Amino acid sequence: MKPEEGEYLSGGKNGTIVNNSEEAFGFFSRGLTSDQETDFGIGNSFFRQSWITAPATATARDGLGPFFNAISCASCHFKDGRGRAPEYDGELGTGLLLRLSTSQQDVHGAYLPDPVYGGQLQDVAINGVDAEAAYTISYEYITEMYPDGSSAELRKPTYNIQGYNYGDMTSDLHVSPRVANQMIGMGLLEALSESTILAAEDITDADADGISGKANYVFDRTSNTIKLGRFGWKANQPTVRQQVAGAFSGDIGLTSSIFPKETFPSGFDGSTIISGGEPEVPDTVLDRVVLYSSTLAVPARRDYDTDEVLKGKQIFNNIACAKCHTPKFTTNNSYYIEANRNQEIRPYTDLLLHDMGEGLADHAPDFLADGNEWRTQPLWGIGLISVVNGHTYLLHDGRARNIEEAILWHGGEAENAKNEFKSLSKEERDQLIAFVQSL
């Protein structure tokens, strides 16, 4: 077995960086203009540095809160990487938050937030203000048996929200935990044409392979239209720009032209809270953070030409993992960032929604995504999360402590693939995991 030509170039010729260090997720793509490289640096500074309460002498970075989850983007996306669940009760800014929704939809198809606390539990507040509430996590441990008699231990989280400071939540509440994901390659995924993504849709499973694939269609605030969803665990954001602005709003409590209103729990008197500007994140700053987020390169593959990894790749294809974790695409030739155009990329995702079974269900629908459906997670960079972030926790809530556990949580449309994985020999399972680790 031999690797494909250029197989190590996960982000294409421009969007791949050869770096295996703890900074591996923080480099810009080749081919940026000098102005874009400058904007990347400025965007990086706004991404990594902390925001502060207004008024402050550092007017460019004030406006934090009054309610928030973290004081910077990097608090959750440390070194542009992946968050995790808190290690102990009260640990803040680790990159796990709780989304809140109800069973009612607005005119755009979005599910309405909790009427008191909004769409996201903000568990931190500025000085002099009580946070909305707090949450704790407990784990149930489950033994998963292999046909060969060996076993693995899985952990299932349960969340307990407590200490409500602004009244009770609605009884019609859906809680969805979401971990901050690594930032690499977002602009390359945005540069895929809609037709390329939709070509893999099979909502009715017409080919009877047990795997459907459904696009999410979500509200785009800039154009005031419904667009294809690409980003977020349920593909509920249409663009990098709206994803970034949404995080500024929900995670840090900063207004922008896309999310111009402060987020307060109902009943909270925000009239005495000093704003950091209107908006607090001006478009010039938002543009640079969006450019930064859209041009973070993807680390090159490691060990891609070893026998173990090549055998694992063959097994990955044989047991149909590649049905959803699509290995290869080519970006379009009209994306607004020229460096991202016409790149042969290997993200290992189809950007579509799939039923992942009851075990992973959050029962929180999100536009067209139902409570069992999640967007196929891109696998590029997965093997370097431990180097960049010092942990190997995976899935939407970080419950899986490694790649093996993540595979064993697959259900629904991936149930057959999981069972085939379990039926492999230990050597074959290790080969498949070595392949995923190389991505």
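Is Glu91 buried or exposed? In this predicted model, Glu91 counts as buried because its relative accessible area is 16%, which falls under the 20% that marks the limit for a buried residue. The side chain of Glu91 is paired with that of Arg84 in a salt bridge, with a distance of 2.8 Å from N to O. This contact can serve as a starting point for a walk through the structure, which holds 24 salt bridges.

A second salt bridge joins Glu144 to Lys422, and here the closest N and O atoms are 2.7 Å apart. What makes this pair useful for following the fold is that it links distant parts of the chain, with Glu144 in strand β5 (residues 134-145) and Lys422 in helix α11 (residues 415-423), 278 residues apart. Both of these residues, Glu144 and Lys422, are buried.

A third salt bridge brings together the side chains of Glu373 and Lys214, at 2.9 Å from N to O. This pair, too, links distant parts of the chain, since Glu373 belongs to strand β14 (residues 373-375) while Lys214 sits in the loop between α5 (194-198) and β8 (217-220), 159 residues apart. Glu373 is buried, with a relative accessible area of 8%, and Lys214 also counts as buried, at 18% relative accessibility. Elsewhere, salt bridges that share partners connect Glu4, Glu7, Arg301, Lys313, Lys328, Glu344 and Arg346, so that these residues form one network.

From charged side chains we can turn to the aromatic rings, for which a search of the whole structure finds 17 pairs. A pair of aromatic rings is described by the distance of the centres and the angle of the planes. For Phe67 and Phe268, the centres are 4.9 Å apart and the planes make an angle of 80°, an arrangement that is edge-to-face. Phe67 lies in strand β2 (residues 67-68), whereas Phe268 is in the loop between α6 (240-252) and α7 (283-294), so the pair ties together parts of the chain that are 201 residues apart in sequence. Phe67 is buried, with a relative accessible area of 0%, and Phe268 is buried as well, with a value of 18%.

Phe268 also pairs with Phe264, and this second pair is tilted, with 5.3 Å from centre to centre and 55° between the planes. Phe264 has a relative accessible area of 30%, and therefore it is partly exposed. In another group of rings, Phe28, Phe40, Phe47 and Tyr292 form one aromatic cluster.

Rings can also be found together with charges. The charged end of Arg61 sits over the ring of Phe46, at 4.4 Å from the centre of that ring. In a further contact, Arg399 lies over the face of Trp409, and the distance to the ring centre is 4.4 Å.

Finally, the database record offers a way to divide the chain. In an unreviewed UniProt entry, the annotation "domain: Cytochrome c" covers residues 58-144 and 307-439. Residues 58-144 are 5% helix and 24% strand, and the C-alpha atoms at the ends of this span lie 53 Å apart. Residues 307-439 are 33% helix and 8% strand, with end C-alpha atoms 15 Å apart.

Terms used:
Residues numbered from 1 in each chain as written. Predicted model: local features only at pLDDT ≥ 70, side-chain atom pairs only at ≥ 80, totals over all residues. Heavy atoms only, no water. Salt bridge = Lys/Arg side-chain N within 4 Å of Asp/Glu carboxyl O. Buried < 20%, exposed > 50% of the residue type's maximum accessible area, 1.4 Å probe, protein only. Helix = DSSP H or I, 4+ residues; strand = E, 2+ residues; numbered from the N terminus. Phe/Tyr/Trp six-rings, centres within 6.5 Å; stacked < 30°, edge-to-face > 60°. Lys NZ or Arg CZ within 6 Å of the ring centre and 35° of its normal. UniProt positions renumbered as here; feature names shortened; annotations may be inferred.
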